[in-house]
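Colleague: Before I rely on the labels attached to this model, I would like to hear the reasoning behind some of them.

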Amino acid sequence: MSEVRHNWTKEEILDIYNRPMMELLYDAATIHREQHDPNVVQVSTLLSVKTGGCSEDCGYCPQAARYHTGVEGNDLMTVNQVKAQALRAKEGGSSRVCMGAAWRNVKDGPEFDQVLEMVRGINKLDMEVCCTLGMLTENQAQRLAEAGLYAYNHNLDSSEEYYKEVISTRGYQDRLDTIDNVRKTNVTVCSGGIIGMGEDIEDRAGMLVALSTLSPQPESTPINALVAVEGTPLEEEKPVSIWEMVRMVATTRIVLPETQVRLSAGRTQMSREGQAMCFFAGANSIFAGDKLLTTPNPDVNEDMKMFELLGMNPQKPFTKKVQPQSVEASDSKFESLGEKPKWTRPEHKIDRNEAAKAKGKLVK
Ligand code: SF4
C-alpha cells in the first residue's frame, strides 16, 4: 500500500512527472486502485453565488474588476435561489455543491450570514457543501463548520515562486494561513491549482511539494487547465496539451495518494478519450454543470453518457466522511466578531497584469 509522504522534494516529483508515459500511467493507476474504487467518480456542481467585481488581480480570472472581460456581475444570490439550483444539481447526479463568491476575503456581516444559511440549506438536502469565498479567519471557518460545511476550497494555484507572476494583491502565505484556519475545524480541505499559465514544469512540481507537505494532505485537489479568457493578462497563453494534463494528474495521484483528484476547468477542450486517460491516471472527481463560475463546461448529460460508456458511477454523498450536523444560527457558539483582518497586499508590479488593467480602463 502506498504511504502518504509529506517530505516529497521537487526533484523526486520532477522524476515522476518525466517518467515514460506508460510507466507513469501504470504507477499512478496502481496507486489509484490501492486507495480508491477506480470506477467511481465524485461529481461536484460549481455555483457562482456572487459573480464579478472582484478587487483582486488574479491573472487568469475574468471576474477581476480591473480587467475588461465581458463577465456580467451579479449580487449575492438568495438562499432560495441557491437551494433550487442545488436541487437541480442533485437530480443531475451531483453529490456536492461548491459555492463560489468573487471576494478577496470573507467579511463578517449580513452577506456572510446569508452564505451560512445557504450552507445549512444545502446540507439539509443531504448534499456535501463546499465554499470558495477567499481568505478566511479561524472564527469564520468555525462558523462555516457549525453551519454544516463539508469542504472549503482555497487553491494554491501554482508554486510559491510563480504565484508572484500571476497575483500581486495577496501572498502565498495568506493561502496557507487560510488552509490552516480551515484545518482547525472539521471541514475538509480542497486545494489545487492551474496549469497552462506560462509556468514551467518546476513550478508544477513546486505546487505539488506545497500540497503534499500540508498535513494532512488536502482531501481534494482540483487540477485546472487554464481557460484563457480575452481581456485577462493570460489571454495569450496557449492551451495545455492533453499529455501535460495526464502527466499532471498522474503525478498528483502518486504524490497525494488518498486525495480525490478533480478534473476542473478546461474539460471542454478535452475529448472523451483524453478524459478517460485522466481517469485511468487517477482523476476521480469532476465538476459538472454547464458553467464553471464563468467559463464553459461540458453538458451534464454528456458527462452521464461518458460515465455509462466507461462503466463508471457517480460517488454517493458522504462516502469519505460522515455528514456534518448543521447548527442553527440561534444556537451558534461562534458569534460574528466583526473581524477586519489585514491580509497582505504585496502589490509588486506584474507587467502583463498592468497592461490588461490599462486596456480594461480604455475599453470601459
Ligand atoms: S480568482 Fe477569485 S480572488 Fe482572484 S480575481 Fe477571481 S474571483 Fe477574485
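The exchange below takes up helix packing and then the cysteines.

Modeller: Please keep in mind throughout that this is a predicted model.

Colleague: Why are α1 and α8 called oblique to each other?

Modeller: The axes of α1, residues 10-17, and α8, residues 201-212, cross at roughly 120° and come within 9 Å. Angles of 65 to 115 degrees count as roughly perpendicular and those over 145 as roughly antiparallel, and α1 and α8 are therefore oblique. The crossing itself is right-handed.

Colleague: Which residues of α1 and α8 meet there?

Modeller: From α1 they are K10, I13, L14 and Y17, and these meet I201, E202, R204, A205, G206, L208 and V209 of α8. Sorted by class, this contact has 7 nonpolar, 1 polar and 3 charged residues.

Colleague: What makes α4 and α5 count as roughly parallel?

Modeller: The axes of α4, residues 110-123, and α5, residues 138-147, cross at roughly 30°, and angles under 35 degrees count as roughly parallel, so α4 and α5 fall in that class. In the contact, F112, D113, L116, V119 and R120 of α4 come together with Q140, R143, L144 and A147 of α5.

Colleague: How do you know that C130 is in no disulfide?

Modeller: The nearest cysteine sulfur, that of C98, lies 3.5 Å away, whereas a disulfide needs the two sulfur atoms within 2.5 Å. A search of the whole structure likewise finds 0 disulfides.

Colleague: And why are C61 and C130 called buried?

Modeller: Buried means under 20% relative accessible area; C61 has 17% and C130 has 2%, so the term applies to C61 and to C130.

Key:
Residues numbered from 1 in each chain as written. Predicted model: local features only at pLDDT ≥ 70, side-chain atom pairs only at ≥ 80, totals over all residues. Heavy atoms only, no water. Axes fitted to C-alpha atoms, helices over the stretch in contact; angles between N-to-C directions. Helix = DSSP H or I, 4+ residues; strand = E, 2+ residues; numbered from the N terminus. Left-handed = near helix turned anticlockwise from the far one by under 90°. Contact = heavy atoms within 4.5 Å. Nonpolar A, V, L, I, M, F, W, Y, C, P; charged D, E, K, R; others polar. Buried < 20%, exposed > 50% of the residue type's maximum accessible area, 1.4 Å probe, protein only.
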